[in-house]
Protein chains: 4
Amino acid sequence: MASNSFGNLFRITTFGESHGSGIGVVIDGCPAGLELTSQDIDLELARRRPGARAHTSPRNEDDRVDILSGLFEGKTTGAPIALWIKNKDADSSAYEAVKNLYRPGHANFTYLEKYGVFDHRGGGRASARETAARVAAGAVAKKLLAHEGIEVVGFLCAVGDVVCPDVEMKQLREQTRLSPLFCPDRAIETAMVQVLSVAQEAGDSLGGVVGCVATVPVGLGDPVYNKLEALLAYAMLSIPASKGFEIGEGFAAARMQGSQHNDRFMAEGDGVRLATNHAGGTLGGISTGEPLVFRVAFKPTSSIRKPQETVTVDGQVATLQMPTTARHDPCVAIRAVPVVEAMAALVLADAVLLNRSARI
Amino acid sequence: MASNSFGNLFRITTFGESHGSGIGVVIDGCPAGLELTSQDIDLELARRRPGARAHTSPRNEDDRVDILSGLFEGKTTGAPIALWIKNKDADSSAYEAVKNLYRPGHANFTYLEKYGVFDHRGGGRASARETAARVAAGAVAKKLLAHEGIEVVGFLCAVGDVVCPDVEMKQLREQTRLSPLFCPDRAIETAMVQVLSVAQEAGDSLGGVVGCVATVPVGLGDPVYNKLEALLAYAMLSIPASKGFEIGEGFAAARMQGSQHNDRFMAEGDGVRLATNHAGGTLGGISTGEPLVFRVAFKPTSSIRKPQETVTVDGQVATLQMPTTARHDPCVAIRAVPVVEAMAALVLADAVLLNRSARI
Amino acid sequence: MASNSFGNLFRITTFGESHGSGIGVVIDGCPAGLELTSQDIDLELARRRPGARAHTSPRNEDDRVDILSGLFEGKTTGAPIALWIKNKDADSSAYEAVKNLYRPGHANFTYLEKYGVFDHRGGGRASARETAARVAAGAVAKKLLAHEGIEVVGFLCAVGDVVCPDVEMKQLREQTRLSPLFCPDRAIETAMVQVLSVAQEAGDSLGGVVGCVATVPVGLGDPVYNKLEALLAYAMLSIPASKGFEIGEGFAAARMQGSQHNDRFMAEGDGVRLATNHAGGTLGGISTGEPLVFRVAFKPTSSIRKPQETVTVDGQVATLQMPTTARHDPCVAIRAVPVVEAMAALVLADAVLLNRSARI
Amino acid sequence: MASNSFGNLFRITTFGESHGSGIGVVIDGCPAGLELTSQDIDLELARRRPGARAHTSPRNEDDRVDILSGLFEGKTTGAPIALWIKNKDADSSAYEAVKNLYRPGHANFTYLEKYGVFDHRGGGRASARETAARVAAGAVAKKLLAHEGIEVVGFLCAVGDVVCPDVEMKQLREQTRLSPLFCPDRAIETAMVQVLSVAQEAGDSLGGVVGCVATVPVGLGDPVYNKLEALLAYAMLSIPASKGFEIGEGFAAARMQGSQHNDRFMAEGDGVRLATNHAGGTLGGISTGEPLVFRVAFKPTSSIRKPQETVTVDGQVATLQMPTTARHDPCVAIRAVPVVEAMAALVLADAVLLNRSARI
């Protein structure tokens, strides 16, 4: 239902195609009185911009947002905030040659079957370009969260077999910001660059894992269907190319014993907190006050230079050979980092507002 | 928002506490004309019933559903279908002794912080008892799915370190039905029983993984936020004790190359299908027509017999020693199998109805 | 969508048929910490009970609510509150004779066309019996509103041609409570009784108008689609037999000039208020702080003793002659008074919670 | 909740302010395969355009829509359709002088109280300008309805005391199209022009009533809260300046007897229909197949040239004298006609899609 909207009280609706005139988002429900500038949004857009980093797509988007509505004298008014990002560099010629082929790992098959039509110029709504709108909306959510003392930091956990060890929040925040791969560890980053180069030379791509840590107060999330982890899982699996979500120990928890996994409660100052954080920041769907810690798995980029066997829309056997002018990331997980952050911020902004009605 | 509801067109709302008079669910949006009996629901309830199997909680619920509304002459009428399951064996005395302790892995801390109140008698809404309402609603969803030729089969993939290899759909369907642990492989089942016994004797518990396969037509799910895998992830992470979700290759996809992971299209008869199913049944959020294949990680049961250090609600150090009369599963993943199936059925029933509006 | 639910943050879902085992409602989103007893609800149910008043249906329901969930030690817990009202006196024999006739003014024709099935025993979901669930839920909403200093008073404005003049809030509150017809004016009440008796003797029925006044703070309601008056209109036109809604001067405003209709702003104490209340309590969809004043038109009861020409479900001409044992109100507007109040309370409870997110 | 969205399956979200860069709407859920051009929308926009008619505001908007997304080769794709209408002639200087005054009948008081901020340049979201987005979205809904054989015709029923008699559908359709006042009766139109001129010369304004007729199939609408008339009432009372809604006999039904009001069923061909249409096209919330007939009351335009006593935002007594350059309609009901049509079309498009899930 309304499949292009996300959230309840802080709710976004996105629109636009990768090779149309632009992409946009309407944010409905942002409280009045929040200071906001287009620069706040442009900074986040710059982080996911292809072309800004090695090993991401060379498409030069140079995105700048237009805030079409919802601001007055530098502050939100409670009215919907519409953001618009023009498509400046949308070259669809590369797709012309392959428009009648079902492309492995792509959505043109399922779109055609569902809707009877597919915009072959770069993927339409199925394009990663759509995630720019999420990042723009997430920038506004982050402003609201900053006001509540909530911080969200995403990072690149793994590329192929290169896996980043756990790091402290301080290092995470500072090192990730400096890294073109959003990797908090310099040595690991170097190793990642190496495997990416190998894959790229082979005309192939790699999968990866994005991690995310958020500092939140106790009490966010709802007990049954809107558990905080359920909303995060929903948000993360809605990101193109994502294949898995885990919180806290995640799949590793399945191999643990209760006595290992249970986090002990302890007194601290006047309050109570957890001594460890195996749970990853929630109990019963509600935040514990410990950091939210979760990971999202991304498949390798579907678009590769290597020739691939496939069929045409008429079922004829054919070989897909992407033109060299087509632009793709060797590992979508890299650019997914700001998208994961944005989606987490949207979940948390909504949870903050919903929590205002928990008690009389 | 309406955190006790799930779904859009086929929408459920659950209510009731583990130690109140019963639990229930209202299904709104089930199309008229579907044949339904209370036996359809009781059969599913029997599958998740504790006490029905070794290695699940000895609480004897013997659940039978009352269909309070929505049927006329054996068929659904389009009106809401309310289902009610009485709590017959709700002994809360075991909880009296520990009611002032924060219980590791449990929600009484977060509920108290959020709401200022917590029903200490067995966990209230946080209890696994709530999942009986999901299973009851899922039974109705399955009837609708059967009408559409859709089948959902859940099974136990792993308990602790014992992992079940992949099996064919036919074996999956037939062997799982016969297994008290919902395990499709007899030898693995035996090994699972063994590790469960060891854990139980040690007063401890084990985590596990539940798998699920569903045969679906092409075209279900929506492209952006309501991707089929996003809705499944949302549904699965809303199940108590779940910590992760993955579809297709899942986290393993992060270690693959694009040329390995991409599923090749091929002609078959008059149509086109995929030669492999690494994706796990969706592309761009929409079902491909190949089986949906996903897994859900569950943490080890939080309630264990081993004494655990914790604090009281006043912050005093204390030891939690559950009374021997308290009843718990050594591995929640076992009983989670029918719950995973039910939640998947709810997602798919909704997707089937939503898909009716995809084209003019 | 979820057509048996109403509201956003304070959201109800109703179920049950007039001649099934009972009717119920689940309230999701009621904040924790609200004191609530079944007596709070029974008092409201008694007000709409048929048989309690002259000139309402003699069906003796003697409704008492069971609170199935959501309370702990006399207070709401934040969990869904399920209310259940058994059908004790559901005699469907009167409907057996007319089950193959399309009944003028009734929904059996449209239900059959839409769903292919209709529960002929008393109307199923189309019965006024469904409104008992609204009144029960409204009683809970009123408790929340009382906590916020909001009061809702409904009354009978008109029966046929007998129209009640405007009265002050104090008289409205006090006299209405004492009147079996919910009429705040004793002389008008006497005249109403007279026309009702005439109609009843003639085997006919009368329409009526229900008025409602609510004292609310400034700021409730949202600017565009969820204008407070839009939500009230939605709520009121969802009540069976209602045919119109107007707020403030309503349809009379269409015959006024701007200089007459505009309410002047004036200073009062430290604040600003309106000198008159032609608008009926909102401007731009948001409450002004002046009382909400609106009216709802009800058609005459469709079920009458007079014989009526109609056709059978097979299209054969027939005469509908309701058995003398069938029980109906001569004027549905009377019993609609507590339903109007309840629906207004539900709208306002939701608006109060939504308003908590208006500002950062 | 998401107060700038309307509808369920066919869902719109509007944004933009009267004196910002433009206004827009995102339509989510429009089925794929519908032919659509910007001309379809511009034709509807031209109908509500101020300056196009005598007795409407002289503001010259000359609106043309940009379709930002959702089309491919002239047809809808199932993706969100974003429409954007630039503000070309937004002169806010007239508002500068009165920006510190509470304007009678306007929303600046309630907005300021609710949000702590108000965009004084022309009313922001509270401006009638927002309705252009509704009309644009309604144009798309009408295309879908035309495909289903559904037609919606709005007209001006009354201006002040000048009331239009009922006319046949054919005359309604044809005459209304020709009338600058959307009035289906030439003589009445002349009388309306006269009273409008008198009011305008006096620096005053008049209220009015808009009627609407829609030809629909049987079965649209849902039985309880989403009764078709409830959704229409919700839609209509969300239009700025509307004060009342009635369907069929409406408030007149309150003065009728059941034997008068009940519509008799009769056989026609192989089917059954109603001999009269007092109900206005629904029974039990579901369309009967007879035309939907409803009316909406509008208050007189709040902005008038006559000086009005009021207070400043600081509570000081002041006189509001709108500058002669401010542009306002003497009767908002005239321009409301296409808005009423658009909102009705949105309700019906949604109902058509929802109805696809009524039966298995």
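**Exercise 1. Find the residue of chain B that comes closest to the rotation axis, and describe the turn that lays chain B on chain D.**

Step 1. Arg356(B) is the residue of chain B that comes closest to the rotation axis, with its C-alpha at 3.2 Å. This is a predicted model, in which local features need pLDDT of at least 70 and side-chain atom pairs count only at pLDDT 80 or more, while totals for chains, interfaces and linings use all residues. Residues are numbered from 1 along each chain as its sequence is written, chains are lettered from A and ligands numbered from 1 in the order in which they are written, and side-chain values use heavy atoms, with hydrogens and water left out.

Step 2. A turn of 180° with a shift of 0.0 Å along the axis lays chain B on chain D, at an RMSD of 0.0 Å. Copies are superposed by least squares on the C-alpha atoms of residues with pLDDT of at least 70 in both.

Step 3. Now look at the interface residues (contact means heavy atoms within 4.5 Å). Of those in chain B, 100% are also interface residues in chain D, so the copies meet through the same surface.

**Exercise 2. Work out how chain D is related to chain C.**

Step 1. Chain D goes onto chain C with an RMSD of 0.0 Å, by a turn of 180° and a shift of 0.0 Å along the axis.

Step 2. The two copies are thus related as by a two-fold rotation axis.

Step 3. Within chain D, the C-alpha nearest this axis belongs to Tyr234(D), 2.2 Å away.

Step 4. Because 100% of the interface residues of chain D are interface residues in chain C as well, these copies meet through the same surface.

**Exercise 3. Describe the packing of α1(A) and α4(A), and say which residues make the contact.**

Step 1. Helix α1 (residues 38-48) of chain A and helix α4 (residues 131-147) of chain A have axes that come within 9 Å and cross at roughly 135°. Axes are lines fitted to C-alpha atoms, for helices over the stretch in contact, and angles run from 0 to 180 degrees between N-to-C directions. Helices (H or I, at least four residues) and strands (E, at least two) are DSSP runs, numbered from the N terminus.

Step 2. α1(A) and α4(A) are therefore oblique to each other. Angles under 35 degrees count as roughly parallel, over 145 as roughly antiparallel, 65 to 115 as roughly perpendicular and the rest as oblique.

Step 3. On the α1(A) side, the contact residues include Ile41(A) and Leu45(A); on the α4(A) side, Val135(A) and Ala139(A) are among them.

Step 4. Sorted by type, the contact holds seven nonpolar, one polar and six charged residues. Here Ala, Val, Leu, Ile, Met, Phe, Trp, Tyr, Cys and Pro count as nonpolar, Asp, Glu, Lys and Arg as charged, and the others, Gly among them, as polar.

**Exercise 4. Describe how α1(C) packs against α9(C).**

Step 1. The axes of α1(C) and helix α9 (residues 332-354) of chain C come within 8 Å and cross at roughly 145°.

Step 2. Glu44(C), Arg47(C) and Arg48(C) of α1(C) meet Arg335(C), Pro338(C) and Glu341(C) of α9(C).

Step 3. This contact divides into one nonpolar, no polar and five charged residues.
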